[in-house]
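Here's a quick tour of how the pieces of this chain fit against one another. Have the viewer open as you read.

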Amino acid sequence: MNPTGPTPGTPHARLRDWFRAHPLAFDAVIAAGSLVAMVAGSFTDPHGSPDGPTFGDRTPDMWSVFAMIAGAAALVMRRRRPFAVLSFTVVITLVELIDDNRPAPIAMSAVVALYTVAARTDRPTTWRVGLATMAALTAAAMAFGPTPWYAQENLGVFAWTGMAAAAGDAVRSRRAFVDAIRERAERAERTREEEAGRRVAEERLRIARDLHDVVAHHIALVNVQAGVAAHVMDKRPDQAKEALAHVREASRSALDELRATVGLLRQSGDPEAPTEPAPGLAVLDGLLDSFRKAGLPVTLARADEGLTLPATVDLAAYRIVQEALTNVRKHAGPDAKAEVSVVRVGRTVEITVLDDGTPRTVPPQPGEQPPVGGHGLLGMRERVGALGGTLTAAPRYGGGFRVQAILPVTSRTGEDQA
């Protein structure tokens, strides 16, 4: 047996689905069954013999037959007008109990109507309506019935109405519970989709930042060296060859880093996925050498001995130095000098890049492109903010520019790496 219901595709399941699609037909079946039960009960005498109930010893009168038909017919509308149906069935039940010395079991229609009200309303209303119905029908049966007030027929009215209210409330609670579970599952599914979309967007943004940093840095160096080579090609060919060699080296480095960054987009089964570690402060000297070869004097001061950063923080620190020096080379003028410091302060590491340059006021060298605005500072702020750090970038008093990033020694999802 399937504990969750009929097996899909079976006749039982098809009948259930048909009744769910046609609730009025289902209510008509309930009404017909109630009428059959009431008619059969009206021919039964519970005290017909010393041995127990007898059948056929009594016959309902025309009013009782009409009341049973009217009560059963009203149940067809029990879903659409539950309170009206309950009121009608209670009234005709009270009339039958008060007027007839041998009342027919019309209370059965009131029991079904009370169950419907309890199943389709809230618990406080169920309590109020259920208690009122129980009290009215039980009091009428005890006061006007042909048997003593304590007879089991009178207690049966009390018990059946009470069970109807309790059963309806239980069904309503189960439906509410199932609906809550279904809504929670749908909400969890939507949350998973939104979280997946957010992670995809964050990963795209991170890769875009890396691509910007790589391209901006190396293309700036290539642009500078190409301009130098074009300027001295005729008069100093040896210096031009050296500049072209730097162009070649910078372009090779750019291709390697681009290959590593774009390789992150490969599928896990691709054979040429990158295996090189992401750049970090461990290769900071090589980065500074590339700027020195491009004509930017750079000094380095470090006070982070023994500090091992999480991969995300290490990469962010490297990219911040790279982007800041690229901006110095592009915007600070040909005579600018730069200073880089890496210092550990408590549970943070401070990356500072200073320059003493001034904005370029002379035309660029032959073959050199004029500087244009970009997204370098915005990218640095986003990268630092994603790690829970802070970034300040502003002109220095007396000239030059200062970029300082304070990064946590621990990543947001990692343990202390110090």
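## Strand β5 against β7

Leu354 has Arg402 of β7 as its bridge partner. That pair belongs to a longer run: in this predicted model, β5 (residues 348-355) and β7 (residues 401-408) are antiparallel and share 8 bridges. Look along the ladder and you'll also find Ile351 sitting opposite Ala405 of β7.

## The rest of the sheet

Zoom out and β5 and β7 turn out to be part of an open sheet of 5 strands, ordered β3-β4-β5-β7-β6, with mixed pairing. The edges are taken by β3 (298-303) and β6 (390-395); each has a single partner strand, so one side of each has no neighbour in the sheet. From one strand to the next, the twist averages 10°.

The partner of β6 is β7: the two run antiparallel and are joined by 6 bridges. Here Thr390 faces Ile406 of β7. The β6-β7 hairpin has 5 residues between its strands, and Gly398 in that hairpin has a positive phi near 95°.

## Helices on the sheet

Which strands does helix α10 lie across? Helix α10 (residues 311-331) covers β3, β4, β5 and β7, and runs at about 175° to β7.

Helix α9 (residues 284-293) packs on the sheet too, where it touches β3 and β4 (338-345). The direction of α9 makes about 165° with that of β3.

## A helix pair: α2 and α5

Away from the sheet topic, helix α2 (residues 23-42) packs against helix α5 (residues 107-120) at about 150°, and their axes are 9 Å apart. Angles over 145 degrees count as roughly antiparallel, so that is how α2 and α5 are classed. Their crossing is right-handed.

Who makes the contact? On the α2 side, Ile30, Ser34, Ala37 and Met38; on the α5 side, Met108, Ser109 and Val112. Sorted by class, the α2-α5 contact has 5 nonpolar residues, 2 polar ones and no charged ones.

## One aromatic pair

How many aromatic pairs does a search of the whole structure find? The search turns up 1, made by Trp63 and Phe66. The pair is tilted, with 6.0 Å from centre to centre and 40° between the planes. Both residues sit in helix α3 (residues 62-74), and because they are 3 residues apart there, about one helical turn separates Trp63 from Phe66.

How values were computed:
Residues are numbered from 1 along each chain as its sequence is written. This is a predicted model: local features need pLDDT of at least 70, side-chain atom pairs count only at pLDDT 80 or more; totals for chains, interfaces and linings use all residues. Side-chain values use heavy atoms; hydrogens and water are left out. Axes are lines fitted to C-alpha atoms, for helices over the stretch in contact, and angles run from 0 to 180 degrees between N-to-C directions. Helices (H or I, at least four residues) and strands (E, at least two) are DSSP runs, numbered from the N terminus. Angles under 35 degrees count as roughly parallel, over 145 as roughly antiparallel, 65 to 115 as roughly perpendicular and the rest as oblique. A crossing is left-handed if the near helix is turned anticlockwise from the far one by less than a right angle, and right-handed if clockwise. Contact means heavy atoms within 4.5 Å. Ala, Val, Leu, Ile, Met, Phe, Trp, Tyr, Cys and Pro count as nonpolar, Asp, Glu, Lys and Arg as charged, and the others, Gly among them, as polar. Two strands pair if DSSP finds at least two bridges between them. Rings of Phe, Tyr and Trp (its six-membered ring) pair if their centres lie within 6.5 Å; planes under 30 degrees apart count as stacked, over 60 as edge-to-face and the rest as tilted.
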